[in-house]
Amino acid sequence: MIILAIETSCDDTCVAVIKASGKKKPRFKILSNIISSQVEIHKKYGGVYPILAKREHQKNLPVVLEKALKKTKKPKIDLIAVTVGPGLEPCLWVGVNFAKNLAQDWNLPIVPVNHIEAHILVNFQFSPAVSGIQKIFPAVCLVVSGGHTQLILMKDFGKYKILGETRDDAAGECFDKIARILGLGYPGGPAIAAAAAKITNYKLQITNKLPRPMINQKNYDFSFSGLKTAVLYGYKNQPIKEMCKEVQQAIIDVLIKKTIKATKDFGAKTIILGGGVAANNELRKQFIENCKLKIENCRFLVPPKNLCTDNAVMTAIAGYFNLNKKTKNWRKIKANANIKL
Ligand code: KG4
Ligand code: ZN
């Protein structure tokens, strides 16, 4: 089956076409994956400006669709998948309305997709990950993006329980806000990671040490706003690259410690990572090291970097896993900024 997917939950306008087949062992082939980033537009605000983002999505979607279809040599599409939430409400509506127009023109069903679930399910695009499907669950999923930081227990496809989440800023938001304080531009995650990577001999002066918020608390929640405040009052006269290294390490320490705690507490067989922050090289590396050292027989799944940040391939894959939700009665589909897993 050929799925065309649309993702406009934040500041990337994304359309993808994939070929999906198989029930027990789903297989996916990416036919096109087009992303039009609005980074340049939002840079001067140091974050996403929703009304501008909405306007850009409206402008970009037809162009991005055209490109996506051209690349696939216009195959016969069977289904449209669209992100309905969570995300920025005005942006979500652009994608949802666009999907409805296509569904009407092409007489196709739509499957609504949850953005968080898509960040998780994109990990199942490779058949090796899927071939041992029974051994994957229960899994502990860490979704870390600009809008979310959540630890989720996944008992099976479609069966999720939120174990904990951030009480204030998301991890990506923390990277973005600190990068802004340090004058490093937007998006902050890649900028901080690049500056941190320049430090090879990491001997941090103790004065630079940042807190690891909530790291020893017996819950699965996070809090990152204190880090931003600590940087705001402590960064002056400190070498920027060292500060970046410490910021990145503080975030990584908390994310890994809490994920490993959840993995042990629930006897999880797999750790699944997703979201833009999962593109961070150090986070990926240190997760693998910690999994080997601290937990036995635990798989670690993380998407390729280009599928960690927002894209529509993940929407298409999540659509395939949610075929039971597809409907020709698509007029009822609504965007929902706060939809829960
Ligand atoms: O998943 P995503 O593209 O959009 C949301 O759903 O929010 O995540 C974007 C976030 C931004 O906050 C960005 O700074 C962060 O992911 N990010 C990174 C890296 N690449 C993107 N954070 C740390 N290291 C990176 N390499
Ligand atoms: Zn996202």
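In the predicted model, Val-113 of strand S5 is the bridge partner of Thr-83. This pair belongs to a region in which strand S4, spanning residues 79–85, and S5 run together in the parallel sense, joined over 5 bridges. Helix H11 packs on the sheet and touches S1, S2, S3, S4 and S5, with a direction that makes about 125° with that of S1.

The sheet itself is open and consists of 5 strands, arranged in the order S3-S2-S1-S4-S5 with mixed pairing. Because strand S3 (27–37) and strand S5 (110–114) each have a single partner strand, they stand at the edges, and one side of each is left without a neighbour in the sheet. From one strand to the next, the twist averages 20°. A further helix, H2, formed by residues 50–71, lies across strand S1 (2–7), strand S2 (12–21) and S3, and runs at about 30° to S2.

The model also contains a zinc ion (ligand 2), for which the protein donors are His-115 through NE2, His-119 through NE2 and Asp-310 through OD, lying 2.1 Å from the ion. The spacing of these donor residues along the sequence follows the pattern H-x3-H-x190-D. His-115 is located in helix H4 (residues 115–121), whereas Asp-310 is found in the loop between strand S10 (299–301) and helix H11 (313–321), so this pair ties together parts that are 195 residues apart in sequence. With regard to solvent accessibility, both His-115 and Asp-310 are buried.

Notes:
Residues are numbered from 1 along each chain as its sequence is written. Chains are lettered from A and ligands numbered from 1 in the order in which they are written. This is a predicted model: local features need pLDDT of at least 70, side-chain atom pairs count only at pLDDT 80 or more; totals for chains, interfaces and linings use all residues. Side-chain values use heavy atoms; hydrogens and water are left out. Donors are N, O and S atoms within 2.8 Å of the metal (3.2 Å for Na, K and Ca); water is not among the atoms, so sites may look incomplete. Helices (H or I, at least four residues) and strands (E, at least two) are DSSP runs, numbered from the N terminus. Buried means under 20% relative accessible area, exposed over 50%, partly exposed in between (1.4 Å probe, protein chains only). Two strands pair if DSSP finds at least two bridges between them. Axes are lines fitted to C-alpha atoms, for helices over the stretch in contact, and angles run from 0 to 180 degrees between N-to-C directions. Contact means heavy atoms within 4.5 Å.
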